[in-house]
Amino acid sequence: MKKILITGGAGFIGSHVVRRFVNNYPNYQIINLDKLTYAGNLLNLKDIEQSPNYKFIKGDIVDAAFIDQLFSKEQIDSVIHLAAESHVDRSISNPLEFVMTNVVGTVNLLNAARHQWKSEYSNHRFYHVSTDEVYGSLGETGLFTEQTAYDPHSPYSASKASSDHFVRSYHDTYGMDAVISNCSNNYGSFHFPEKLIPLSINNIKNNLPIPVYGKGENIRDWLWVEDHARAIDLIFHQAPAGTTYNIGGHNEWTNIDLIRLLCKIMDQKLGREPGASAKLITFVTDRAGHDLRYAIDSSKLQADLGWKPSLQFEEGLEKTVDWFLNNEDWLQSVTSGNYQSYYNDQYGKR
Ligand code: NAD
Ligand code: DAU
């Protein structure tokens, strides 16, 4: 039985990847390693936690000795690495945490894999899940390709860029079978409400202000999270060693247009007067170093592996709103506790 270590599997994207692999590959043993930070939540995996091919281990990728032992005890065959500190605003308040988890944690995993696999990579793969933010910011035209030079601006994207370089260096230096993908903004179920879409859904539901940074003119390229998980599945199984793939939705929205669409959907779902939710839109102080535009050229992934996004954004956004409105308990559980103090720190001063 092939043993695959998925890191960060209790987070937003990781939980979709774990679910997909557990359900689609009964001949794989899936080990989910997660520290369960504020962003990690085992409720995200309730439906598969009893599956015979699934095991959860709580642990920190920054702890090198623990990671080494885990690889040898569990005889890990391959890694899909998603564990990270993932929120740009938190990286502005606490960069070092991002260096520890995203850079040191990734190097610890690479080292443990190297020791365990003894430089024999034919049946072993290290898949590093990364972001389009490593490429920096686009002007009004153009797309990020796999050849775009790295130009990160936030401590988050700088830490992800650094981890990408380390992964590539282990391929080039030690011959490790490593692959990387760089994806645009994801949305969908289990998205933690510190990020734009789930935070806005939660605030609209509770009649609270929707904080839009600056003038709301920044552009993001949104992708349904399950389409990302499907791309990860294809790349894990089919990408040649040492390759990089960009993944994106071909779906650019300014933040303000996205929020207006979300308000329209929420008005319908909550039985409010048309325009009622949009009155909550509040322009607040901009994010420091705020990248203007991200947009991905995913033609390599489409041509090589036949992937393309499955959902139109309007449909995906409506499904997402339905999920949040139908999963009140989940939303309650993640917005209780420390969430309120995070929110006050982050938005009280804007
Ligand atoms: P998330 O913040 O929702 O989840 C991160 C998970 O990692 C959590 O479960 C957390 O507990 C775990 N974790 C954090 N520090 C850890 C540590 N030291 N040891 C072990 N586990 C730890 O993140 P996400 O949005 O699901 O993103 C997952 C990955 O995908 C990240 O690497 C991120 O950079 C990348 N990515 C995210 C997006 C996006 O739109 N969210 C887009 C492209 C790429
Ligand atoms: O592009 C991929 C990246 O997308 C991932 O690597 C990151 O992990 C993920 O968090 C996401 O980063 P962004 O910074 O683009 O996502 P966020 O949801 O934080 O913000 C989306 C846009 O909305 C961005 O332009 C900032 C703006 N924004 C965000 C929040 C939280 C607001 O206007 N108001 C807000 O309250």
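Strand β8, residues 210–213, supplies the largest share of the shell around ligand 2, namely 3 residues. This is a predicted model, and the description below starts from that ligand, moves to ligand 1, and then turns to a few places elsewhere in the protein.

The shell around ligand 2 holds 23 residues in total, and the closest of them are T131, D132, Y156, R287 and H290. Sorted by class, the shell contains 9 nonpolar, 8 polar and 6 charged residues. Several polar contacts can be picked out. The side chain of T131, one of the closest residues, places an N or O atom 2.7 Å from an oxygen atom of ligand 2. The side chain of E133 has an N or O atom 2.8 Å from an oxygen atom of the ligand. With L196 the backbone takes part: one of its N or O atoms lies 2.8 Å from an oxygen atom of ligand 2. On its own, ligand 2 has 680 Å² of accessible area, and the protein covers 94% of this.

Ligand 1 is surrounded by 28 residues, of which I13, D34, S86, Y156 and K160 are the closest. Y156 therefore appears twice in this account, being listed among the closest residues to ligand 2 and among the closest to ligand 1. By class, the residues around ligand 1 divide into 12 nonpolar, 12 polar and 4 charged.

The contacts of ligand 1 involve both side-chain and backbone atoms. A polar atom in the side chain of D60 is 2.8 Å from a nitrogen atom of ligand 1. At I61 a polar backbone atom lies 3.0 Å from a nitrogen atom of the ligand. At L82 a polar backbone atom is 3.0 Å from an oxygen atom of ligand 1. The accessible area of ligand 1 on its own is 830 Å², and 97% of it is covered by the protein. Three elements give two or more residues each to this shell: α1 (12–24), β5 (125–131) and α5 (155–174). Of the elements, β5 gives the most, with 3 residues.

Away from the ligands, the loop between β2 (28–34) and β3 (54–58) is worth following through two of its residues. Q50 sits in this loop, and so does N44. Which of the two is buried, and which is exposed? N44 is buried because its relative accessible area is 1%, under the 20% limit for that class. Q50 is exposed because its relative accessible area is 69%, over the 50% limit. The side chain of N44 also has a polar atom that lies 3.1 Å from the backbone oxygen of A10. For Q50 there is a distance to record: its C-alpha atom is separated by 33 Å from that of Q312, and the two residues are 262 apart along the chain.

The last place to look at is on the surface. L96, V99 and M100 form a nonpolar patch there, and together they have about 250 Å² of accessible area. M100 belongs to helix α4, which spans residues 95–117. M100 counts as partly exposed because its relative accessibility is 33%, which falls between the 20% and 50% limits.

Conventions:
Residues numbered from 1 in each chain as written. Chains lettered and ligands numbered in written order. Predicted model: local features only at pLDDT ≥ 70, side-chain atom pairs only at ≥ 80, totals over all residues. Heavy atoms only, no water. Near = heavy atom within 4 Å. Polar contact = N/O pair within 3.5 Å; in protein donor to acceptor, adjacent residues only side chain to side chain. Areas by Shrake-Rupley, 256 points an atom, 1.4 Å probe, with all protein chains shown as cover. Helix = DSSP H or I, 4+ residues; strand = E, 2+ residues; numbered from the N terminus. Nonpolar A, V, L, I, M, F, W, Y, C, P; charged D, E, K, R; others polar. Patch = residues over 30% accessible without salt bridge, like charges linked within 9 Å, V, L, I, M, F, W, Y side chains within 5 Å. Salt bridge = Lys/Arg side-chain N within 4 Å of Asp/Glu carboxyl O. Buried < 20%, exposed > 50% of the residue type's maximum accessible area, 1.4 Å probe, protein only.
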